[in-house]
Amino acid sequence: MIKVTDLHKKIGQVQALNGLSFEAHNGTITGLLGPNGAGKTTCLRTLFGLLKADSGSAEIDSLNVVTQSSQAKQQLGLFPDPFGLYERLTPREYVQFFAELNGMAGKEAKQATDEVLSLLKMQDIADRRCQGFSQGQRMKTALAQAIVHKPTNIVLDEPTRGLDVMSTRLLRDLLLMLKQQGHCVLFSSHVMQEVAALCDQVVVMAAGRVVAQGSPAELCLRTGKTSLEDAFISLIGTDEGIAA
């Protein structure tokens with residue numbers, strides 16, 4: 001479970017987060033939806049520990065990301081840019097390296113790596129160098145790295161950016177699998193179809209704060225609209241940042 005409480009963060013002259021509060025629960029997929037500049041990435045970077053909030057708190061499984069950072073990070077899987085893989089390594093080498101980086105000993109890391117490669121059906125590419133991989137193969141390798149240490153929570157920042165249609169569909173299937181296994185999945189996006197297809201809960205953000213929260217159907221009902229895109233426009237009061 002991820003809990004954000006009254007987060008404030010100013011970057012330069014911009015109030016990036018302005019009293020942001022929401023919860024993302026286990027066994028659900030929660031989407032942060034907002035136009036560019038809404039504060040989605042700033043929020044996620046605060047959860048990662050890359051930024052420190054000016055005030056407020058963020059918790060991963062009741063662990064404070066500032067005062068209990070090491071323990072909190074053990075419960076957090078971060079989906080990296082799949083185009084930034086170490087191409088000289090094989091997926092097995094890459095994933096095991098990150099397993100050990102997350103505190104697993106050699107034998108434990110090897111077993112966890114074997115398990116996640118099997119889970120994601122990567123045995124056929126496990127011992128090939130990542131150089132020359134397709135988008136889908138890169139995406140699987142990046143996701144394997146994120147979940148090898150068996151975190152409760154998976155966080156992704158605009159995960160389908162740069163992916164082709166088939167890779168996007170594959171990622172959606174994998175995220176639904178993680179949800180069914182009881183993980184808390186949180187991702188940011190400004191793509192309506194992506195959010196509508198995946199999310200149990202949607203946190204609509206604008207100007208660093210939450211303007212609405214609920215399922216896609218609930219947000220449509222609240223605004224009297226028939227599509228999430230129309231509901232989103234109604235909630236934030238502007239056409240800015242809408243993606244087709």
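**Sheet**

I began with the strands of this predicted model. I found an open sheet of 4 strands, paired antiparallel. Its order reads S2-S1-S4-S5. Which strands sit at the edges? They are S2, residues 14-24, and S5, residues 63-64. Each of these two pairs on one side only.

Next I looked up how S1 meets S4. S1 covers residues 2-11 and S4 covers residues 55-60. The two run antiparallel, and 5 bridges join them. I noted one facing pair: Ile2 stands opposite Ile60 in S4.

Then I asked what H1 touches on the sheet. H1 packs there against S1, S2 and S4. The direction of H1 makes about 65 degrees with that of S2.

**Cavity**

I searched the whole structure for enclosed space. How many cavities of 30 Å³ or more turn up? The search gives 1. I wrote down a volume of about 30 Å³ for the largest cavity.

Its lining consists of Leu47, Phe48, Ile60, Val65, Ser69, Ala72, Lys73 and Leu76. Ile60 is thus an entry I have twice: it lines this cavity, and it stands opposite Ile2. H1 and H2 each supply at least two lining residues. H2 gives the largest share, with 3 residues. By class I counted 6 nonpolar, 1 polar and 1 charged.

**Pocket**

I turned to open space. The largest pocket holds about 630 Å³. Its lining takes in 26 residues. Which of them lie nearest its centre? They are Phe48, Leu78, Phe79, Pro80 and Gln145. Phe48 also appears in the lining of the largest cavity.

I then listed the elements that give two or more residues to the pocket lining. The helices are H1 (40-48), H2 (69-74), H3 (91-101) and H5 (135-147). The strands are S6 (76-78) and S7 (153-157). H1 and H2 are on this list, and both also supply residues to the cavity lining.

The classes came last. The pocket lining divides into 13 nonpolar, 7 polar and 6 charged residues.

**Record**

I checked the UniProt record. An unreviewed entry there lists residues 2-232 as "domain: ABC transporter". I looked at that stretch in the model. Over residues 2-232 the chain is 39% helix and 26% strand. The C-alpha atoms at the ends of the stretch are 23 Å apart.

Terms used: Residues numbered from 1 in each chain as written. Predicted model: local features only at pLDDT ≥ 70, side-chain atom pairs only at ≥ 80, totals over all residues. Heavy atoms only, no water. 1 Å grid on protein atoms, 1.4 Å probe; cavity = no way out; pocket = protein on both sides within 12 Å on 5 of 7 lines; lining within 4 Å. Points joined across faces, edges and corners; volume = space filled by probe spheres on them. Nonpolar A, V, L, I, M, F, W, Y, C, P; charged D, E, K, R; others polar. Pairing = 2+ DSSP bridges. Contact = heavy atoms within 4.5 Å. Axes fitted to C-alpha atoms, helices over the stretch in contact; angles between N-to-C directions. UniProt positions renumbered as here; feature names shortened; annotations may be inferred.
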